[in-house]
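The exercises below are to be worked with the sequence and the model open side by side. Each task is followed by a solution in steps.

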Amino acid sequence: ICPWNFPVMIGVNKMLSPLVAGNTTVVKPSPNTPLATVMLSSLAAEAFPAGVVNIVTGGNDVGQLLVEHPDVTTITFTGSNATGKKIMSAASSGLKKVLLELGGNDPAIV
């Protein structure tokens, strides 16, 4: 589940690890910037068989459905603390692996 800022870069980063490990992936972009990530689907279609890279758009309800889906085993999320807490809570009932990058205040050295 990707944030609105840097949607392509973060989306690609979230795709790479599962793909390198031989898994399929589902990427859900922010509802504020879906088009940038959806444009990746044409590149993914050239590089991978159908169904390996899946891009799903929608609001928070779609994200919740993904987190709660029994076939989803690992969730990565970049975004707010409040949403991260909701994801962790929902994922805990299925003992899903969760990777959260929260807060959006990562320091940078210039």
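**Exercise 1. A loop residue**

In which loop is Asn 23 found? Determine also its exposure and its contacts beyond sequence neighbours.

Solution. The model is a predicted one.
- Step 1: Asn 23 belongs to the loop that joins H1 to strand S1 (25-27).
- Step 2: The relative accessibility of Asn 23 is 42%. Buried requires under 20% and exposed over 50%, so Asn 23 counts as partly exposed.
- Step 3: With neighbours within four places in sequence left aside, Asn 23 is in contact with Pro 18 and Val 52.
- Step 4: Between the C-alpha atoms of Asn 23 and Ser 41 the distance is 17 Å, for a sequence separation of 18 residues.

**Exercise 2. The chain as a whole**

Describe the order of secondary structure elements and test the chain's radius of gyration against that of a compact globule.

Solution.
- Step 1: The chain has 5 helices and 4 strands, and along the sequence they follow the pattern α-β-α-α-β-α-β-α-β.
- Step 2: For 110 residues, a compact globule would have a radius of gyration near 13 Å; the value for the chain is 14 Å, so the two agree.
- Step 3: Along the principal axes, the C-alpha atoms fill a box of roughly 40 × 35 × 25 Å.
- Step 4: Of the 110 residues, 27% are buried. The chain exposes about 7,200 Å², and 62% of this is supplied by carbon and sulfur atoms.
- Step 5: Among contacts with a separation of 6 or more, 57% are between residues 24 or more positions apart.

**Exercise 3. Helix H5**

Check the length of helix H5 (residues 81-92) against expectation, then work out how its buried residues are arranged.

Solution.
- Step 1: At 1.5 Å a residue, the 12 residues of H5 should span 16 Å. The C-alpha atoms at its ends are 16 Å apart, so expectation and model agree.
- Step 2: Gly 84, Ile 87 and Ala 91 are the buried residues of H5.
- Step 3: Viewed down the helix axis, these buried residues fall within an arc of 65°, and they therefore line one face of H5.
- Step 4: The spacing fits the general rule: an α-helix has 3.6 residues a turn, so residues three or four places apart point the same way.
- Step 5: The buried residues of H5 pack against helix H4 (60-68), strand S3 (74-79) and strand S4 (97-102). Exposed on the other side of H5 are Lys 85, Lys 86 and Ser 89.

**Exercise 4. Nonpolar cores**

Which residues make up the largest nonpolar core, and which element gives the most to it?

Solution.
- Step 1: The largest nonpolar core has 9 residues: Cys 2, Ile 10, Met 15, Leu 19, Val 27, Leu 40, Ala 44, Val 52 and Val 53.
- Step 2: H1 and helix H3 (40-47) are the elements that give two or more residues to this core. H1 gives the most, with 3 residues.
- Step 3: Another core, of 6 residues, lies apart from this one; among its residues are Ile 1, Ile 75, Phe 77 and Ala 91.
- Step 4: Two residues of the largest core can be taken singly. Leu 40, its neighbours within four places in sequence left aside, is in contact with Val 8, Val 12, Met 15 and Ile 55. Ala 44, in helix H3, counts as buried at 12% relative accessibility.
- Step 5: The C-alpha atoms of Ala 44 and Thr 83 are 28 Å apart, with these positions 39 residues apart along the chain.

**Exercise 5. A buried threonine**

Is Thr 37 buried or exposed, and what is it in contact with?

Solution.
- Step 1: Thr 37 is located in helix H2 (residues 34-38).
- Step 2: Its relative accessible area is 0%, so Thr 37 is buried.
- Step 3: Neighbours within four places in sequence aside, Thr 37 is in contact with Pro 7, Val 27, Pro 29 and Ile 55.

**Exercise 6. Positive phi**

Where do Phe 6 and Leu 95 lie, and what is the phi of each?

Solution.
- Step 1: As background, most residues other than glycine have a negative phi.
- Step 2: Phe 6, not a glycine, has a positive phi of about 55°. Phe 6 lies in the segment before helix H1 (7-20) and is exposed, with a relative accessible area of 53%.
- Step 3: Leu 95 has a positive phi near 50°. Leu 95 lies in the loop between H5 and S4 and counts as exposed at 76% relative accessibility.

Technical notes. Residues are numbered from 1 along each chain as its sequence is written. This is a predicted model: local features need pLDDT of at least 70, side-chain atom pairs count only at pLDDT 80 or more; totals for chains, interfaces and linings use all residues. Side-chain values use heavy atoms; hydrogens and water are left out. The expected span of a helix is 1.5 Å times one less than its number of residues. Buried means under 20% relative accessible area, exposed over 50%, partly exposed in between (1.4 Å probe, protein chains only). The arc is that of the directions from the helix axis to the C-beta atoms. Contact means heavy atoms within 4.5 Å. The radius of gyration is taken over C-alpha atoms; the globule rule is 2.2 Å times the number of residues to the power 0.38. Accessible areas come from the Shrake-Rupley method with a 1.4 Å probe; for residues, only the protein chains shown count as cover. A nonpolar core is a set of buried Ala, Val, Leu, Ile, Met, Phe, Trp, Tyr and Cys residues joined through side-chain atoms within 4.5 Å.
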